[in-house]
Amino acid sequence: MGQPKQLLAYKGGTLLSHIIRQAEEAECDPVIVVLGAHVEQIQPALAELPVAVAINENWRNGMGGSIRIGFERLKEIDADCWSAFILLVDQPLITAAHLTAMRRQKDRT
């Protein structure tokens with residue numbers, strides 16, 4: 001690929017900006033981006049976006065650590081939060097409509 005997949009071009013932006021936009025359109029708040037590998041290349045792309053950033057320095061140990069870091073950051077921002085979406089940058093077919101539908105389903109239970 002020649003670059004981190006987060007920065008690959010997609011729909012007039014990057015894969016990363018696309019998934020962030022979907023979360024915003026679904027009124028997910030806060031949006032937290034967990035970075036690991038290539039943080040020095042990816043973090044500047046987040047400078048103008050309304051996201052909180054968390055860094056997983058032990059990213060080589062797998063996705064579970066990134067999820068933990070993300071939830072720790074979420075609890076710093078909103079200690080009362082009891083649910084969250086985990087979105088992956090390499091699943092660009094997830095849309096705001098999907099997220100909104102999942103939220104509505106959760107709210108019914």
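The following legends describe close-up views of a predicted model.

**Figure 1. Helix α1 and its surroundings.** Helix α1 spans residues 15-25 and is mostly covered, with 8 of its 11 residues buried. The buried positions are Leu 15, Leu 16, Ser 17, His 18, Ile 19, Ile 20, Gln 22 and Ala 23. These residues pack against two strands that precede the helix in numbering, β1 (9-10) and β2 (13-14), and also against β3, α2 and α4 (96-108). Just after α1, the backbone at Glu 27 takes a positive phi of about 60 degrees.

**Figure 2. The loop between α1 and β3.** Two backbone features fall in this loop, one at Glu 27 and the other at Pro 30. Glu 27 has a positive phi of about 60 degrees although it is not a glycine. With a relative accessibility of 65%, Glu 27 counts as exposed, because that value lies over the 50% limit. Further along the loop, the peptide bond between Asp 29 and Pro 30 is cis, with omega at about 5 degrees. Pro 30 is followed in the chain by strand β3, which covers residues 32-35. As background to both features, most residues other than glycine have a negative phi, and most peptide bonds are trans.

**Figure 3. His 38 in the loop between β3 and α2.** His 38 lies in the loop that leads from β3 to α2 (39-42). Its phi is positive, at about 65 degrees, although His 38 is not a glycine. The relative accessible area of His 38 is 40%, so this residue is classed as partly exposed.

**Figure 4. The largest nonpolar core.** The largest nonpolar core contains 19 residues, and those with the most contacts inside it are Leu 16, Ile 20, Val 33 and Leu 46. Elements α1, β3, α2 and α4 each give two or more residues to this core. The greatest contribution, 5 residues, is that of α1. Leu 16 and Ile 20 are among the buried residues of α1. Leaving aside residues up to four places away in sequence, Val 33 touches Leu 16, Ile 20, Leu 46, Val 51, Ala 52, Val 53 and Ala 54. The contacts of Val 33 thus include Leu 16, Ile 20 and Leu 46, which are also listed among the core residues with the most contacts. In soluble globular proteins, nonpolar side chains tend to be buried together.

**Figure 5. The largest pocket.** About 1300 Å³ of space lies in the largest pocket. Its lining comprises 41 residues, and Ile 32, Val 34, Ile 86, Leu 87 and Leu 88 lie nearest the centre. By class, 26 of the lining residues are nonpolar, 7 are polar and 8 are charged. At least two lining residues are supplied by each of α1, β3, α3 (63-77) and α4. The largest share comes from α3, which provides 6 residues.

**Figure 6. The salt bridge between Lys 5 and Asp 90.** The structure holds 3 salt bridges. In one of them the side chains of Lys 5 and Asp 90 meet, with an N to O distance of 2.9 Å. This pair links distant parts of the chain, 85 residues apart: Lys 5 belongs to the segment before β1, whereas Asp 90 belongs to the loop between α3 and α4. Lys 5 is partly exposed, with a relative accessible area of 33%. Asp 90 is likewise partly exposed, its relative accessible area being 40%.

**Figure 7. Salt bridges within helix α3.** Arg 68 forms a salt bridge with Glu 72, and their closest N and O atoms are 2.8 Å apart. Both residues lie in helix α3, where a spacing of 4 residues corresponds to about one turn of the helix. Arg 68 counts as partly exposed at 45% relative accessibility, and Glu 72 is partly exposed at 39%. A salt bridge also joins the side chains of Arg 73 and Glu 76, with an N to O distance of 3.2 Å. Arg 73 and Glu 76 are 3 residues apart in helix α3, so about one helical turn separates them. Within this pair, Arg 73 counts as partly exposed at 25% relative accessibility, whereas Glu 76 is exposed, with a relative accessible area of 61%.

Definitions and conventions: Residues numbered from 1 in each chain as written. Predicted model: local features only at pLDDT ≥ 70, side-chain atom pairs only at ≥ 80, totals over all residues. Heavy atoms only, no water. Buried < 20%, exposed > 50% of the residue type's maximum accessible area, 1.4 Å probe, protein only. Contact = heavy atoms within 4.5 Å. 1 Å grid on protein atoms, 1.4 Å probe; cavity = no way out; pocket = protein on both sides within 12 Å on 5 of 7 lines; lining within 4 Å. Points joined across faces, edges and corners; volume = space filled by probe spheres on them. Nonpolar A, V, L, I, M, F, W, Y, C, P; charged D, E, K, R; others polar. Core = buried A, V, L, I, M, F, W, Y, C linked by side-chain atoms within 4.5 Å. Salt bridge = Lys/Arg side-chain N within 4 Å of Asp/Glu carboxyl O.
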